[in-house]
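The following questions and answers examine side-chain contacts, a pocket and a sheet in one protein model. Please consult the sequence and the coordinates alongside the text.

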Amino acid sequence: MNNKALHRISYGLYIVSSKKGDKFNGQIANTVFQATSEPPRVAVSINKGNLTHEFIQDSGVFAVSILSKDAPMTLIGHFGFKSGRDLDKFRSQNYKIGVTGVPIILDFCAGYIEAEVIKSLDIGTHTIFVGNVVDADVMSEVGPMTYAYYHQIKGGKTPKAAATYVAEEKSSAPALKPPVKALAKYECQVCGYIYDPEIGDPDGGIEPGTAFEDLPDDWSCPVCGASKEDFKKVE
Ligand SMILES: Cc1cc2nc3c(=O)[nH]c(=O)nc-3n(C[C@H](O)[C@H](O)[C@H](O)COP(=O)(O)O)c2cc1C
């Protein structure tokens, strides 16, 4: 079996949020899709170990904030590589409360969908939650972020908790641009983000063509915030 075929499936990138009592939480998910149109229903696959899973199970509601293409890696790292068990993820965010009482991200949000869970399917490591859409709106004219754009242009990685994690991800889809310089890549030992000198760190103001060694000492991983010392050269 060639697992690389799984990399050919297309996705978007979303912040799936929910609540438990007066607490809010949310996480990055790529596994969101519209399941039916009459009535409109959406589905999402959530890892059982995630705090967001606990919150959706408890409240029976969730919101999907559709990330726009210009969403910074720091936002994806904040919701996708950190757990609400360790920090209040919404404290630092600009959000509004939807009709379900769940927070909806307002920055870098192309649109949102709110849903009430009608069915939960246990599929092992993850649960697929299917919900009736109870509200939705378009928030920006900037196009939605795709999973391919996140990987190929933004240089993003996928953690093990993600539904679509594949162990040999490093050898996945080819980069869009062939390498032009032999500057070394460096990998973050915390989240797996790879600093590619060809791309630089556009969100952090680092120009393409900047060697890792030339990054400022206070530069930090755009995904998880780890320091420069936490990076190792990719051999
Ligand atoms: C690009 C990307 C895609 C992800 N997709 C999913 C997904 O579809 N389902 C899932 O359960 N986790 C996914 N994750 C992982 C969660 O976002 C991550 O485990 C998060 O820290 C869980 O946070 P929580 O414990 O606060 O709920 C993804 C992460 C990234 C960076």
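A salt bridge is counted where a side-chain nitrogen of Lys or Arg lies within 4 Å of a carboxyl oxygen of Asp or Glu. The model discussed here is a predicted one.

Q: How many salt bridges does this rule give?
A: The criterion requires a nitrogen of Lys or Arg within 4 Å of a carboxyl oxygen of Asp or Glu. Applied to this predicted model, the rule gives a count of four.

Q: Which helix does the salt bridge between Lys20 and Glu54 tie to strand β1?
A: The side chains of Lys20 and Glu54 form a salt bridge, with an N to O distance of 2.9 Å. Lys20 belongs to strand β1 (residues 14-20) and Glu54 to a helix spanning residues 51-59, so the pair ties together parts that are 34 residues apart in sequence. The helix in question is α1.

Q: Is Glu54 buried, partly exposed or exposed?
A: Buried residues have under 20% relative accessible area and exposed residues over 50%. The relative accessible area of Glu54 is 30%, and that of its salt-bridge partner Lys20 is 31%, which counts as partly exposed. Because its value lies in between, Glu54 is likewise classed as partly exposed.

Q: Where in the chain does Arg85, the salt-bridge partner of Glu54, lie?
A: Glu54 and Arg85 meet through their side chains in a salt bridge of 3.3 Å, N to O. Glu54 is in helix α1 whereas Arg85 is outside that helix, so the pair ties together parts that are 31 residues apart in sequence. With 46% relative accessibility, Arg85 is partly exposed. Arg85 lies in the loop between α2 (73-80) and β6 (95-97).

Q: Which residues are linked in a network of salt bridges?
A: Glu54 forms a salt bridge with Lys20, and Glu54 also forms one with Arg85. The residues linked in the network are Lys20, Glu54 and Arg85.

Q: Which residue forms a salt bridge with Lys185, and is that residue buried or exposed?
A: The closest N and O atoms of the Lys185 pair are 3.9 Å apart. The pair links distant parts of the chain, 11 residues apart: Lys185 is in the loop between α3 (147-152) and β10 (186-188), and its partner is in the loop between β11 (194-195) and β12 (231-233). Lys185 is partly exposed at 39% relative accessibility, whereas the partner has a relative accessible area of 13%. The partner is Asp196, which is buried.

Q: Which element gives the most residues to the lining of the second largest pocket?
A: This pocket has a volume of about 440 Å³. Of its 32 lining residues, the closest to the centre are Ile28, Asn50, Gly80, Pro159 and Ala161. The elements that give two or more residues are β2 (23-29), β4 (40-47), α1, α2 and α3. With four residues, the element that gives the most is β2.

Q: How many charged residues are in the lining of the second largest pocket?
A: By class, the lining holds 14 nonpolar and 14 polar residues. The number of charged residues is four.

Q: Which side chain is joined to that of Asn25 by a polar contact?
A: Asn25 is located in strand β2 and is buried, at 2% relative accessible area. Its side chain makes a polar contact of 3.1 Å, and the partner is Thr52.

Q: In β12, which residue is the bridge partner of Glu187?
A: Three strands make an open antiparallel sheet in the order β11-β10-β12, with β11 and β12 as the edge strands. β10 and β12 pair over three bridges in the antiparallel sense. The partner of Glu187 in β12 is Lys232.

Note on methods
Residues numbered from 1 in each chain as written. Predicted model: local features only at pLDDT ≥ 70, side-chain atom pairs only at ≥ 80, totals over all residues. Heavy atoms only, no water. Buried < 20%, exposed > 50% of the residue type's maximum accessible area, 1.4 Å probe, protein only. 1 Å grid on protein atoms, 1.4 Å probe; cavity = no way out; pocket = protein on both sides within 12 Å on 5 of 7 lines; lining within 4 Å. Points joined across faces, edges and corners; volume = space filled by probe spheres on them. Nonpolar A, V, L, I, M, F, W, Y, C, P; charged D, E, K, R; others polar. Pairing = 2+ DSSP bridges. Polar contact = N/O pair within 3.5 Å; in protein donor to acceptor, adjacent residues only side chain to side chain.
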